[in-house]
Amino acid sequence: MPNTPVSSRIQYGLFWLLAAAIGLGTSACGGGSSTATAATPTVTPTVTTLNSSLSSPWSMAVLPSGELLITQKSGSLLRVSANGANTTPISGILSVNDSGQGGLLGLALDPDFATAPWVYWAYSEPGSGAEAGLVGTAVARGRLVGNALLDVAVLFRQQPKTTGTGHFGSRLVFARDKSLFITLGERQKFSPAQDLAQTLGKVVRIARDGSIPADNPALGNTARPGIWSLGHRNPQGAALHPDTGELWVSEHGPQGGDEINIARAGANYGWPVKSYGCNYGDPVGDACRIGGGVHAPTYVEPLTYWVPTSVAPAGLLFYTGNLIPQWKGNLFSGSLAGQALWRMTVSPNAVLTREALLTDRKERFRDVAQAQDGSILLLTDSGKLLRLAP
């Protein structure tokens, strides 16, 4: 993604005024816009560094004990104390292809973890045999016993494996019915995102044992098993709306055009046919928007999108805690190129306002989670675990 930050409220206000001047209003079909009203600041959080010695952390999950599990891109899983001071390696992780954007990535705990302590992880799996030299997103699970993962098995493999080291997606979210959503990038191959015979550029839904739920959308005899939605570019954030239970995802656009979407069964989000972003190398502006930008009526409009440059959203959280009551129900997204934590007010079907936080820290925020005490935890590409509290 480009490294130009779109992070300060001042910059955002300028984009809002520019967008209003050129008529970038609300998208069709109930979709959002790039000009969502700037959120009124409600809290100035205190930021505490709990750990600054992590190595390219990518995802985290909060254990019932309050401890954390944290994936590191190179292929290691750590148990981290709630205060961040102590780290212990967890054995049993399968080999990963740590190259480019690939490695050990998404992480989730079984919904019944207290009695069935399965840990699920997404990773870039190197190919073997006829697939030697290729790589693809895979999902595995293992039972956490002490500091080891036992009974490890691969549940899902993206099809097909491909060349290249980008766009793995790899966020994992359990639905209310305990099925598992997997976000999958299109591996920088573009058109496979529209091809139902491949799982590139899709959201997939599987059962906890890797089988395919019978109530997945019926997409035709040639569709790969498990596909839930299609037309995604590189969804690196995912979370369930606390009221509706629907899956919300954040996606990297190309040059601009990052999106927030609700991933609904059988829906098509338009990549690479439509995007509010532009192809790399094109001068940014209205004229270069891919397919003219507007997704409707053939494809689903995003709830909100970022132009003219990309913020590269990563990690997604609906805040449900009581420690920061002003933020309850808000949606939070990390940002890589944008070097910010985005706070959004939302309704069940819309993004209403946006505010960029922590822009002064100049960090690439990779993941965001809610601690047991209601504080907000952040992982940065620079190796930090941060805590936000009033």
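These legends go with a set of close-up views of a predicted model.

**View 1. The whole chain, before zooming in.**
Start with the inventory: the protein chain carries one helix and 25 strands. Its radius of gyration is 20 Å, close to the 21 Å that the globule rule gives for 390 residues, so the chain is as compact as a globular protein of that length. The C-alpha trace spans about 60 × 50 × 35 Å along its principal axes. Of the 390 residues, 58% are buried.

**View 2. An open sheet of four strands, in the order 7-8-9-10.**
Pairing here is antiparallel. Which strands stand at the edges? Those are strand 7 and strand 10 (148-157), and each has a single partner strand, so one side of each is left without a neighbour in the sheet. From one strand to the next, the twist averages 25°. As a reminder, strands of a sheet pair through backbone hydrogen bonds, either parallel or antiparallel.

**View 3. Closer in on strand 8 and its partners.**
Strand 8 (residues 118-126) is joined to strand 7 by four bridges, and to strand 9 (residues 135-145) by nine bridges. Both pairs run antiparallel. To find your way around, look for W121 in strand 8, which stands opposite L107. W121 also stands opposite A140 in strand 9. Y123, another strand 8 residue, has L104 opposite. Is strand 8 mostly covered or uncovered? Mostly covered: eight of its nine residues are buried.

**View 4. An open sheet of five strands, in the order 1-22-21-20-19.**
This sheet has mixed pairing. Strand 1 (37-38) and strand 19 (313-318) take the edges; each has a single partner strand, so one side of each has no neighbour in the sheet. Further in, strand 20 (residues 331-335) and strand 21 (residues 340-347) pair in the antiparallel sense over five bridges. One residue pair to look for is G334 and its bridge partner in strand 21, L341.

**View 5. The largest pocket, with a volume of about 860 Å³.**
The lining takes in 32 residues, and L172, V173, A238, L316 and L317 are the ones that lie nearest the pocket's centre. Which strands each supply at least two residues of this lining? Strand 3 (57-62), strand 7 (104-109), strand 11 (172-174), strand 15 (235-240), strand 19 and strand 23 (365-370) do. Two of those names come from earlier views: strand 7 stands at an edge of the sheet in View 2, and strand 19 at an edge of the sheet in View 4. By class, the pocket lining has 23 nonpolar, five polar and four charged residues.

**View 6. The largest cavity, with a volume of about 70 Å³.**
Rolling a probe the size of a water molecule over the atoms shows where empty space is left. How many cavities of 30 Å³ or more are there? The count comes to two, and this view shows the largest. Its lining is made up of 14 residues, with R233, E251, G257, E259 and W271 nearest the centre of the cavity. Sorted by class, the residues lining the largest cavity are three nonpolar, six polar and five charged.

Note on methods
Residues numbered from 1 in each chain as written. Predicted model: local features only at pLDDT ≥ 70, side-chain atom pairs only at ≥ 80, totals over all residues. Heavy atoms only, no water. Pairing = 2+ DSSP bridges. 1 Å grid on protein atoms, 1.4 Å probe; cavity = no way out; pocket = protein on both sides within 12 Å on 5 of 7 lines; lining within 4 Å. Points joined across faces, edges and corners; volume = space filled by probe spheres on them. Nonpolar A, V, L, I, M, F, W, Y, C, P; charged D, E, K, R; others polar. Axes fitted to C-alpha atoms, helices over the stretch in contact; angles between N-to-C directions. Rg over C-alpha atoms; globule rule 2.2 N^0.38 Å. Buried < 20%, exposed > 50% of the residue type's maximum accessible area, 1.4 Å probe, protein only.
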